[in-house]
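Good morning, I have one structure to go through today. Please look at the sequence and the model together, and keep both open while I talk.

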Amino acid sequence: VATLLNKVKSARVATDADLAKTKQCMACHTMEKRLVGPSFQEIASKYQGKTASALVSSITKGSKGKWGPVPMPANTAVSESEAAQLATWILKQSRP
């Protein structure tokens, strides 16, 4: 049973990472290093203890001034449910 659960969790992580790639999140973000925007690990650290809803608006509507002078544009290709899925996944990307 534990093996099956691990496979399901691994599949979900792959699905979430694939969604981030498909929705062009990786054009500005990486897992560990700042690119145009902060890394997913930096975001997870900043929002530690908060719910995914804290990030959903930034993903769908964009944000300005949270991470410096470069604004994050709205990602209109991401639905609310996809944004919630991505936000939940991002919050799990804490630094080792």
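I will start with the overall layout, then go to the core, the salt bridges and the surface.

First, what we are looking at. This is a predicted model, where local features need pLDDT of at least 70, side-chain atom pairs count only at pLDDT 80 or more, and totals for chains, interfaces and linings use all residues. Residues are numbered from 1 along each chain as its sequence is written, and side-chain values use heavy atoms, leaving out hydrogens and water.

The term pLDDT is the predictor's confidence in each residue, from 0 to 100. The chain averages 88, and 84% of the residues score at least 70. Among the elements, α2 has the highest mean pLDDT, 96, and α1 the lowest, 69. Where pLDDT is low, the predicted coordinates should not be read in detail.

Now the layout. There are four helices and zero strands. Helices (H or I, at least four residues) and strands (E, at least two) are DSSP runs, numbered from the N terminus. Along the sequence the pattern reads α-α-α-α.

How much of the chain is buried? Of its 96 residues, 33% are. Buried means under 20% relative accessible area, exposed means over 50%, and partly exposed is in between, with a 1.4 Å probe and protein chains only.

Next, the inside. The largest nonpolar core has 17 residues. Such a core is a set of buried Ala, Val, Leu, Ile, Met, Phe, Trp, Tyr and Cys residues joined through side-chain atoms within 4.5 Å. I59, L86 and I90 have the most contacts inside this core. Two or more residues come from each of α1, α2, α3 and α4, and α4 gives the most, with five.

Take I59 as an example. Leaving aside residues up to four places away in sequence, I59 is in contact (heavy atoms within 4.5 Å) with M72, A74, N75, V78, A83, L86, A87 and I90. One of these partners, N75, sits in the loop between α3 and α4. N75 is buried, at 18% relative accessible area. With the same sequence neighbours left out, N75 touches K23, I59 and T60.

K23 brings us to the charged pairs. Side chains of opposite charge can pair when their charged atoms come close. How many salt bridges does the structure hold? There are two, a salt bridge being a side-chain nitrogen of Lys or Arg within 4 Å of a carboxyl oxygen of Asp or Glu.

One joins E82 and K23, at 3.4 Å from N to O. This pair links distant parts of the chain: E82 is in helix α4 (residues 80–91), K23 is in the loop between α1 (2–22) and α2 (40–46), and they are 59 residues apart. E82 is partly exposed at 21%, while K23 counts as buried at 16%.

The other joins R34 and E42, at 3.5 Å from N to O. R34 is partly exposed at 41% relative accessibility, and E42 is buried at 17%.

Last, the surface. L35, V36 and V70 form a nonpolar patch there, with about 260 Å² of accessible area together. V70 is in the loop between α3 (53–61) and α4, and is partly exposed at 48%.

That is the end of my tour, and I will take questions.

Notes
Patch = residues over 30% accessible without salt bridge, like charges linked within 9 Å, V, L, I, M, F, W, Y side chains within 5 Å. Areas by Shrake-Rupley, 256 points an atom, 1.4 Å probe, with all protein chains shown as cover.
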